[in-house]
Amino acid sequence: MLSYLVAGLVTGSLYAIFALVLVTTYNASHVFNFAQGGMAFFLAYCFYWLNTDVGLPTVVSLVLSIVVIAPIMGWFLWRVLLGRLSTATPLIRLAATIGLSVALSAGTTLLFGHDQVLQPAGLIRNVRSVVTIAGVNISNEQMLVIGIALIVAIGSFLLLNRTAVGLVTRGAVDSEMMTVLTGTNPKVVVAGTWMAGMSVIGLAGILVMPQVGLNAAGFSSVVAASFAGVVIGRLTNVWWAFGGALLVGVLQSVVIPYLPDSGILTTALRPSIPFLLMVIAIVARSRGAGVRDDVASREVAKLSSAAERSVAHVQSVMRGTRGSWDRYVGWAVLGVVLVAVPYVFSGFWVGVFAVGMAYAIALLCFRPVTGEAAVVGLCQISFVGIGAVATAQFSTTYGLGIITSMLLAACVSALCGLVVGLVCLPLGQLYAAIATYAFALLADQVIFTRPTFSNNDAGVFVDRPTFGGVYLTNDQDYLYFTVAIFLIVALVLFLIRRSTLGLRFATIRASRVRASSLGIPIFRSRLALFVLGAGIAGLGGGVIASNQYVAFTGAYSALLGLTWFAVVIAQGSSSIGGAAVAGLSLAVGPALVANYLPSRLAELPAVLFGLLAIMIVSNPSGINTMMRAQIRTLAARLTPERKPDGTQSPTTDDQTAVSATPVGSSR
Amino acid sequence: MTAVADTKVGEVRLQLSDISVNFGGVKALQNVSLQARSGQVTGLIGPNGAGKSTLLAVASGIQRPNSGIVRLEDQDVTGARPQVYAHARMARTFQAPQLVPDLDVREHLVLALRSNNHKPGSALKSAFGKRITTDEFGKTEQLLAELGLANVAAKGVRELPLGTRRLVEVAQCLACDSRTLLLDEPTAGLSRAETAVFSDLVVRVCRDRNIAVVIVEHDIDLVLDISARVFVLDFGRLIDEGDPSHIRNSKKVQAAYLGTMEADLDV
């Protein structure tokens, strides 16, 4: 038993280091760093490359990685991205670090190559037992991990609570101006925190490397497990986070002797402990301030931020454009492309476009969930996977018709959405994002690993449907089928937006207090949207599975879900055309690279998706709206005599920015 | 949007009894009672930090009181969600107008008109066909004309100046067919001329529709001019209440305002 406890403490210490860095950087900047796994992966790979490939001594590699590369990277990321996030809305903060996570993980593989290193050498080459306590041997490596975790914990605590640095960072988060007036430059302090944090992330990455191997997924799952500690520490408390992370590691280890030899408990319980604890901690602690989505405790973006000015600018250009011609430009291009595909491209590409439109159906779920209900839903991919799996079960195992199975699967997904929504929707935006991510990771471990669903990782067969007497085995027919379903779902979403519900959702997005004082049921409305989104995702899952003839559970992992989120958010989460473009780019991008570029560039699309999502910091309305605004500006410039009344001019922009400032603000 | 003629003037619409609110150790309100009657403007004044806005938040269900009772008409709504208050036909405005940037002025009113329709299926109204029915269009036209907003009906609220945005919020409250209306510092940031227009409007609407209006204001002259009854808060306690002439001469009120009131009141 004691040996399990020690092993658990070591794993817990690794979680704890990541959790502590997250807590410290969150305290310093209020940015919840979803990209931590990607950062650790990159820095660990740097160390491995210097040490093994270049052949530098371990100490030199370590110093170069965490004392030179890590701080430079921390400064660079702070300069171009992280430093700009503190004034952004919570949604943008999350989307940007999720984009960064996607870009960094893929970029590292792109940079260092594809070969998975399964057992890289860590800091200590010569692992041996150094101490024996009560008959349990403790190795030098284990001592090192536990020791570093303790040092980081004490260091974080002292930094945040006992030094002027902590005071300045906390002050800078609440009011940068006030901190400046005290004669300190908070920017230097916050940048310094990111640089130091990056070094610790790098060190943790190097420590964790021998255990998980050098692959992005392994790093992400360790960091995701550390989120449990962070949540238990309510994002800000160092000791609770430390203890929580240790608890997760220990629990994961001490249950081993009690597990049966086979069955779901054996396979699913251990890996799902962190996420179960995360959900329990969120629900149990949700009475506290900041966790619940209270009217009073909502985070509101500062209107003076660059992002808000950009929104104001785009809105001033787009003003009065309801039903205007530029709205149809994108649709016309999309329509022409889809109609022309079968006549211009070979059968292979028609198939790729069919996959893309199937993805697009699934991605439409982000419009109700993120676009309307403003939930950063990171488990949408799990609903898609549940839809795929359920379609396979209904059609192949129970022999129902394919289309009937798809609709039933959508209902199953919607039901799962109801459960997740009941837990996540009362939470604030950040906690809801973490909770949905925890659900996605749980689904990975508990649902998608079930032998019935995964069929030994081969997936369960799903046939193509027969529609209107045509058996849709031809990719061209299937493309039209997916386009038709996409249009039907889009029409439903469009009709909802123009109905009374649409007016209500707009009000809820703009002001919760206003909505509640008008008698609008906020929770019920948002729950309805979330369930609708899950249903759409499930339907999309069925269509994807049927297109590929298989419900392959490995295709719906939480990690891939981050990429999906990044792709959608870059297009604008409430844009229907954006969902189509996002779906197509998810299918066409990798196919283009696979066919025309060398295989070592396979990660290029993912890097681009991540970078596009990061761009949301300067274009919060998404690429589509930004491009429409640019088309309008261009058109107005080309036809100066017929300027649309919304033409942007500096004065309009200023007025907008000023008039949007709440009364009583310091401006 | 006819005037509420089924009740007589002067009946108690809103009754706050012994309301106390604590924020941690801070006692924001201590045993405060207040009534608002139909067809009358009830004023609520007090220095900064006196607890006026907190009391309004309690009266509209946004803040739950630690103790005390809130009654709307004859219904005990203490501790209920703000939606319950809205269904009991209470409406309020906010210091910073809480309007929807995505909607134009008329859409704000249409949403409010539909807010009292709880029939199943009403949520999907106008999913098909016209976005705004002829009947709704007529009602909004009437309301927009009444508040002088006819020429901005199709404008997005971001384009409107502060005073107009406050009027839109009032219009939205009236479109809900509210019987009790709470106004939180409605004239803050308005010019003298805009304030005059606004106060005339409040008096007119209150009288014509027999609405109980509660107004929280820093502009004491305005409150004393239009209110039938005035309540004065200081440090979370009700220090005086009465008609405007009583308040003008109240020593307690003058003391609360540390003499600055005297100069104002002597005018």
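## A hairpin, a chain contact and a helix pair

In strand β2(A), Asn137(A) is the bridge partner of Thr132(A). Keep in mind that this is a predicted model. The pair belongs to a larger pattern: strand β1 (residues 129-133) of chain A and strand β2 (residues 136-139) of chain A run antiparallel and are joined over four bridges. Together β1(A) and β2(A) make a hairpin, with two residues between them. In that turn, Ala134(A) has a positive phi of about 45°.

Now let us look at how the two chains meet. Here 36 residues of chain B are in contact with 29 residues of chain A. Which elements of chain B each supply at least two residues of the side that touches chain A? They are α2 (82-87), β6 (90-92) and α3 of chain B. Helix α3(B) gives the most to this side, with five residues.

Helix α3(B) also takes part in a helix pair. The axes of α3 (residues 105-114) of chain B and α4 (residues 134-146) of chain B come within 10 Å and cross at roughly 115°. The crossing of α3(B) and α4(B) is right-handed. From α3(B), the contact uses Arg106(B), Leu109(B), Val110(B) and Leu113(B); from α4(B), it uses Glu136(B), Lys139(B), Thr140(B) and Leu143(B).

What kinds of residues make up these two contact regions? The table sets them out.

| Region | Nonpolar | Polar | Charged |
|---|---|---|---|
| Side of chain B that touches chain A | 18 residues | ten residues | eight residues |
| Contact of α3(B) with α4(B) | four residues | one residue | three residues |

Technical notes: Residues are numbered from 1 along each chain as its sequence is written. Chains are lettered from A and ligands numbered from 1 in the order in which they are written. This is a predicted model: local features need pLDDT of at least 70, side-chain atom pairs count only at pLDDT 80 or more; totals for chains, interfaces and linings use all residues. Axes are lines fitted to C-alpha atoms, for helices over the stretch in contact, and angles run from 0 to 180 degrees between N-to-C directions. A crossing is left-handed if the near helix is turned anticlockwise from the far one by less than a right angle, and right-handed if clockwise. Two residues are in contact if their C-beta atoms, placed from the backbone, lie within 7 Å. Ala, Val, Leu, Ile, Met, Phe, Trp, Tyr, Cys and Pro count as nonpolar, Asp, Glu, Lys and Arg as charged, and the others, Gly among them, as polar. Two strands pair if DSSP finds at least two bridges between them.
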